[in-house]
Amino acid sequence: MSSPPAIVSVPAADVRSRAREAGGARWSLGMLGVLLGVAVFVLVVGDEGAANAWASAVLTVAIGWSFLASGLAVWAREEANPIGALIAALGVVALGGAAAGEVGSAFGSWLGFTAVNAAVAMFVHVLVAFPTGRLTGRTERVLVAAAYADLVLLAPLWLAARGDAPPRDGMAGLLRPEPFGSTLGALPAAVAIVVLGGLAWLLWRRWYWATRHTRRTLALVLLAGGACLGLMLAAAVVDRTWDAGGRAIGWAAAVAFCAVPLALDAGIIRSRLARASVAELVRDLETVRTPGALREALGHALGDPTLRLAYWVSETSGFVDLRGRPFELPWEGSSQVATMVERDGRRVAALVHDASLRDAPELLEAVTSAAGLALENERLHAELRAHVDDLRESRARIVHAADSERRRLERNLHDGAQQRLVAMSLHLRLVESTLRTEPESAVPLVAQVREQLTEALEELRELARGIHPAILSDRGLGPALEALAARSPTPVELSAPTERLPQPVEAAIYYVVSEALANVAKYAQASHVTVEVAHTNGRAVVAIADDGVGGADAAGGSGLRGLADRIAALDGRLHVDSAPGRGTRIHADIPCI
Amino acid sequence: MPPRIVIVDDDPSFLATVRQLLEAEGFAVVGEALNGLDGVAVAAETAPDIVLVDVTLPDIDGFEVVERLADGENAPPAVLTSIRSAEDFGSLIETSRARAFIPKADITGQALAGLLDERAGTA
């Protein structure tokens, strides 16, 4: 028996039939809502006893239908999001409740009362679950469950147990579910107040912690929802003491109720706009010419004016900005995050954007794939700028290094050979005067002068070797490196090519080895150094490794930095690996052109 | 009475050589100092006939030593010296209050004595 496949693909026909089923359900729900709305209208207007019958009927139906319509719209657009169905059902249940309440029978009154209460509980559900339609966390689930239990079960049972009839006041019933009305102070009302308090706290907390992007989605819905819940509560409280005032606030709550579906629609339009913005971006990209325009276009498409772009430079394995300056990606946990952009498996750039855009991965993906080519172009531009900056800096460092070298030479000549020659001159003068007076005491003076002459010669030789090693130009790299190895206090194991390399390459290698051996002698406390120079495939590769203490600083030390510049000037690369306690490895790679 | 001299230079071997040379040529080296401030102090204590000062010193330089000596009472004439030549210092030597500049390689008792005679002549 074969094992089941890891990936299950859904046949296209299934998807289509499921879509057809959902479409059928929407159509049925829509028709039911329309019929119930007509029924409410006929029943309310037909009931001559009801005050403000027309207005009441129009408002009730408007509320029901606006929830129904916006719910169906959300449902049609996002089938995976259950909030659309919930909003549409809310509208239908509210209309059903209003219609049942107008029928006139006792059962109808009970049914209407319960249904209107259920619609209010669903409204709490919608507010808590917006915009994903899902309840996350125990607090949200407990709050919504408490709303349903209180309004749909506890309130009717409480009234029935007390022998009260369900209140019947048409639309006011919708706006003032009974726990706030006739039974204020009783258990269902107390629970309802706790639920509303919990809801207010939850919405405030969500708003407080929301990122800017999420706030934009939440703003209208929370504002309208919060306003009408607040007005409902106010209506219920005021109604106990001042009937007309309560009614007025009730009307205001009704208008606020109508605004909630509009706010939901606005949310939908906003996300549609986000999609449209990708199309707009594609058009904008055609005209992106000036540096910085791409960032603006992308920021506009993503709705994030704080968007920053970082371009990948593979040579340095780091990001730079458009001007080629090093760019640090934001830390984990900051208000901005980075999304990597890749083309053909190669890293191109990073979009550093508001953390809330993580909630819109499709938008990010659409935008980054649309802008891939433009980002690649800007990356090349940034890389070039980074190169130019590098060149400018290394050129300045080379000039500076040359100046320092001249200063060092002057000081060495002044403190060394020149000093000795002056001393010799004075001694010879002394010899001169001594020869006149007591010739035999001149002998030790002459010996002293000879000694000084030997020292001066040695110092001049050392200096000349520092300026340029004659053995390197005369005999080539092998003998020159052997001479370096022979002078090194740390034992050196050397292998070098016998053939001659281009003169600048030989010089660069010589100075790398010379500096490395000098560093080993000064700092490494090593017992052994290996120096390997190979000439293969038109490249010279140098590897120097010691078993010392490590910890050399390639970027900070002027010696290694200068060598890196010298090698970079030959289009080569120098790499230093010197972890503390693990010795130092220097690797240089130079093309032999 | 041999002319009395103080030598200020931060190189002990140079000090020793110059002392030997000048003493052979009839000078009395009454004081030596390895830095500028000590040099000024030693000159004040010993009241020499002449002070030989190296331009390059570890604390204050030779020009500053010359200024301080000249500001003191009964200031002895100061002679600047250096491994470098006079041109290397531009107009600094001319504008200083030093009696003269002698390159180190040219220091002799005769040259210094000549400066003292010049002073005696002008006095």
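A short chat about a helix pair in chain A and a sheet in chain B follows.

Visitor: What kind of model is this, and how are things numbered?
Guide: The model is predicted; local features need pLDDT of at least 70, side-chain atom pairs count only at pLDDT 80 or more, and totals for chains, interfaces and linings use all residues. Residues are numbered from 1 along each chain as its sequence is written, with chains lettered from A and ligands numbered from 1 in the order in which they are written.

Visitor: At what angle do H4(A) and H5(A) pack?
Guide: About 170°, with the axes of H4 (residues 106–129) and H5 (residues 138–162) of chain A 9 Å apart. Axes are lines fitted to C-alpha atoms, for helices over the stretch in contact, and angles run from 0 to 180 degrees between N-to-C directions. Helices are DSSP runs of H or I, at least four residues, and strands are runs of E, at least two, numbered from the N terminus.

Visitor: So parallel or antiparallel?
Guide: H4(A) and H5(A) are therefore roughly antiparallel (an angle over 145 degrees).

Visitor: Which residues make the contact?
Guide: Among them are Trp110(A) and Phe113(A) of H4(A), and Leu143(A) and Tyr148(A) of H5(A); contact puts C-beta atoms, placed from the backbone, within 7 Å.

Visitor: Now chain B. What is the strand order in the sheet?
Guide: The open sheet runs S2-S1-S3-S4-S5 in chain B, with parallel pairing (two strands pair if DSSP finds at least two bridges between them).

Visitor: How many bridges join S1 to S3 there?
Guide: Four, between residues 4–8 and residues 50–54 of chain B. Ile5(B) has Ile50(B) as its bridge partner in S3(B).

Technical notes
Parallel < 35°, antiparallel > 145°, perpendicular 65-115°, else oblique. Contact = placed C-beta atoms within 7 Å.
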